[in-house]
Amino acid sequence: MTRIVRFADDRETVRTGVADDTGAIRTFPGAPLVAELLRLPAEELRTLVEDTARGPAGFAERDVLPLPPLDGLMELWAAGVTYERSREARVEESAERSVYERIYDAERPELFYKAPPWRVVTDGEPIAVRDDSELNVPEPELALVVNRYGETVGYLVADDVSSRSIEGENPLYLPQAKIYAGSVAVSPGIVPAWEIEAPDALAITMVVWRDGEPVFRGATSTAAFHRTPQGLVDHLWRSQPFPDGAVLSTGTGVVPALDFTLSAGDVVEITIDGVGTLRNPVRGRQADLDWLVEAIDHPLKRRAHPGGVRAA
């Protein structure tokens, strides 16, 4: 299986390429941004990826710094209440329950902006909970990588970290519950869509580790999805262009009970069959994510903030 990756070398040069199962990376000719790749129609991108994968290896994943595979004018969006479990959880936590009951079966889905590329973290980097929130959860989700033409060209593992207490107080607080530094992580490699045979039957599992012990386990499958992924894309593309494409996280079917909240020091581990595994340590202060600003121009600053190792 190949993956489209974005990475920085020791001179802070950011490159994109195709990684294989051995960890070898073959760079794209002309050093395009991921955003430039998403300006191509799906068939042209496939040809470019397959041609590049046949070339000589230039880097090894162990020798470079993996970066989130978003850049340029890409945007990361997310969908809500796309699984029955998500609807149940939103109704349980909210003071305005009917809002979530109606949206589950409505023709128009819930879609919301999540992050610009620079605020996204990847495997091993920290996520965070808000300083002003008492109840916080990770949300394991399949993310679609969509080109400028609205074609799904790849998949990522995503964690849509959320404040249940803030959103539950009032649905109009959704942006504050969902959009902040450390609120989203994605896996470092885009798995091309043509390499996933059944995206509608992918197992999704999540474990939250605390002091080396599992304190939450959950599982679902994209087979339980209440909407079609393409239907979400179609709604997102209505009335607005995405010149560099977008990543659309498709909602979660795994939500802990109300007596669970993330704590500083936890490690969240999410696996989607065929797509990958994403591990992130949890930070409890927003200031712990201030380095994201410096990393915009100096990507190697990210090396000082690892910690998402497997906790077992």
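# A tour from the open sheet to the aromatic cluster

Start with the open sheet of five strands, whose order is β8-β19-β18-β15-β16 and whose pairing is mixed. Its edges are β8 (127–128) and β16 (213–221); each has a single partner strand, so one side of each is left without a neighbour in the sheet. The model is a predicted one.

**Inside the sheet.** Select residues 267–272 and 276–283, which are strands β18 and β19. The two run antiparallel and are joined by six bridges. For one position to centre on, pick Val268, which stands opposite Asn280 in β19. Strands of a sheet pair through backbone hydrogen bonds, either parallel or antiparallel.

**The loop between β15 and β16.** Select Asp211, found in the loop between β15 and β16. Its phi is near 55 degrees, a positive value in a residue other than glycine. Is Asp211 buried or exposed? Its relative accessibility is 78%, and because the cut-off for exposed is over 50%, Asp211 counts as exposed.

**The loop before β15.** Go next to Asp200, in the loop between β14 (189–192) and β15 (203–210). Asp200 also counts as exposed, at 53% relative accessibility. Show its surroundings: leaving out residues up to four places away in sequence, Asp200 touches Thr222 and Ala223. Asp200 and Thr222 are 22 residues apart along the chain, and 5.2 Å separates their C-alpha atoms.

**The loop after β16.** Select His226, found in the loop between β16 and α7. This residue is partly exposed, with a relative accessible area of 33%. Which residues does His226 contact, leaving aside its neighbours within four places in sequence? They are Thr82, Tyr104 and Asp105. For a distance across the model, draw a line from the C-alpha atom of His226 to that of Arg54: the two are separated by 39 Å and lie 172 residues apart along the chain.

**The loop after β6.** Val81 lies in the loop between β6 and α3 (84–93). Here too phi is near 55 degrees, a positive value in a residue other than glycine. Val81 is buried, with a relative accessible area of 3%. Asp211, by contrast, counts as exposed.

**Strand β17 and its partners.** Now select residues 246–249, which make up β17. Both of its faces are covered: Ala246 and Leu248 on one side, Val247 and Ser249 on the other, are all buried. Two strands to display with β17 are β6 and β10.

- β6 pairs with β17 in the parallel sense over four bridges. The bridge partner of Trp77 in β17 is Leu248.
- β10 (residues 140–146) runs antiparallel to β17, and four bridges join the two. The bridge partner of Ala143 in β17 is Ser249.

**The aromatic cluster.** Stay on Trp77 and show the rings. A search of the whole structure finds six aromatic pairs. One of them is Trp77 with Phe242, an edge-to-face pair at 6.4 Å centre to centre with 85 degrees between the planes. Why does this pair tie together parts that are 165 residues apart in sequence? Trp77 lies in strand β6 (residues 75–80), while Phe242 lies in the loop between α7 (229–236) and β17 (246–249), so the pair spans that separation. Both Trp77 and Phe242 are buried.

Phe242 has another ring partner to add to the selection. With Trp237 it forms a tilted pair, 4.4 Å centre to centre and 35 degrees between the planes. Phe242 has 3% relative accessibility and counts as buried. Trp237, at 17%, counts as buried as well, because the cut-off for buried is under 20%. Add Tyr113 to complete the view: ring pairs link Trp77, Tyr113, Trp237 and Phe242 into a cluster.

**A nonpolar patch.** For the last stop, switch to a surface display and select Trp118, Val293 and Ile296. These residues make a nonpolar surface patch of about 280 Å². Val293 lies in helix α8 (residues 291–294). Val293 is exposed, with a relative accessible area of 51%.

Definitions and conventions
Residues numbered from 1 in each chain as written. Predicted model: local features only at pLDDT ≥ 70, side-chain atom pairs only at ≥ 80, totals over all residues. Heavy atoms only, no water. Pairing = 2+ DSSP bridges. Patch = residues over 30% accessible without salt bridge, like charges linked within 9 Å, V, L, I, M, F, W, Y side chains within 5 Å. Areas by Shrake-Rupley, 256 points an atom, 1.4 Å probe, with all protein chains shown as cover. Salt bridge = Lys/Arg side-chain N within 4 Å of Asp/Glu carboxyl O. Buried < 20%, exposed > 50% of the residue type's maximum accessible area, 1.4 Å probe, protein only. Phe/Tyr/Trp six-rings, centres within 6.5 Å; stacked < 30°, edge-to-face > 60°. Contact = heavy atoms within 4.5 Å.
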